[in-house]
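Here are a few exercises to work through with the model open beside you. Grab a pen and take them one at a time.

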Amino acid sequence: MSSFQLNLNPLKEPLGFIKVLEWIASIFAFATCGGFKGKTEIQVSCDKGAENKTITATFGYPFRLNEASFQSPQGVNVCHVDWKNYVLIGDYSSSSQFYVTFAVFVFLYCIAALLLYVGYTNLYRDNRKLPMTDFVITIVATFLWLVSTSAWAKALTDIKTATGPSIVQELKPCSIQGTLCQFVSVTSMGSLNVSVIFGFLNMILWGGNAWFVYKETSFHSPSNTTSQGGIPPPTGI
């Protein structure tokens, strides 16, 4: 195996430069989704003219909303209801965790690939298997970015619905005569929208990079492989 020799030239080429962009984009993808914390608030009053009390349900990644119970102000019994027994609706952990976990794996793979590009340039280009493996992983990653981001985008739409004004209709205490519930607010989900955008951006980056990785494989023209330091084609007898 070749020894480590730092060579920054691959970073000036599309192969390495786009890999850096993929590394950065993967960070934004899992950070904007995995670090989210939010809450939805509802005002409740038991009798006309009575002071409104706010109950709050806190939720966040991995978005198991069915475990996010409502909390009343400390020391206050709102309408004689134990609000801890009532939760938001839905479990979206599978989509969010798939998206974040995949983004983390991509982040780690980009580090390994960049290390190979800049530290073992000759080994990468003189070996038929490494570029081919890189190409297959690039194609698979492009497809998985599409799948994971699409699933997460659908889950995000459902999360917005489950934490929005419709939750008032789902709370049984709010249907009791004399109890008035009014939706107040829900934390802005702008960062989650950004996570979806970066998911599709990653898909575009990986899909575009597939061509440059393909050029390093033995499938590309033999003359191009030779000019890039690859194994030259066998000569005739």
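First, the ground rules. This is a predicted model, where local features need pLDDT of at least 70, side-chain atom pairs count only at pLDDT 80 or more, and totals for chains, interfaces and linings use all residues. Residues are numbered from 1 along each chain as its sequence is written, and side-chain values use heavy atoms, with hydrogens and water left out.

**Exercise 1.** Work out whether His 80 is buried or exposed, and find where it lies.

*Solution.*
- Step one: recall the cut-offs, with buried under 20% relative accessible area, exposed over 50%, and partly exposed in between (1.4 Å probe, protein chains only).
- Step two: His 80 has 74% relative accessibility, so it counts as exposed.
- Step three: look at the backbone, where His 80 shows a positive phi of about 60° despite not being a glycine.
- Step four: place His 80 in the loop between strand 3 and helix 3. Helices (H or I, at least four residues) and strands (E, at least two) are DSSP runs, numbered from the N terminus.

**Exercise 2.** Now do likewise for Phe 63: is it buried or exposed?

*Solution.*
- Step one: the relative accessible area of Phe 63 is 0%, so this residue is buried.
- Step two: its phi is near 65°, again positive in a residue other than glycine.
- Step three: Phe 63 sits in the loop between strand 2 and strand 3.
- Step four: Pro 62 is in that loop too, and the peptide bond from Tyr 61 to Pro 62 is cis, with omega near 10°.
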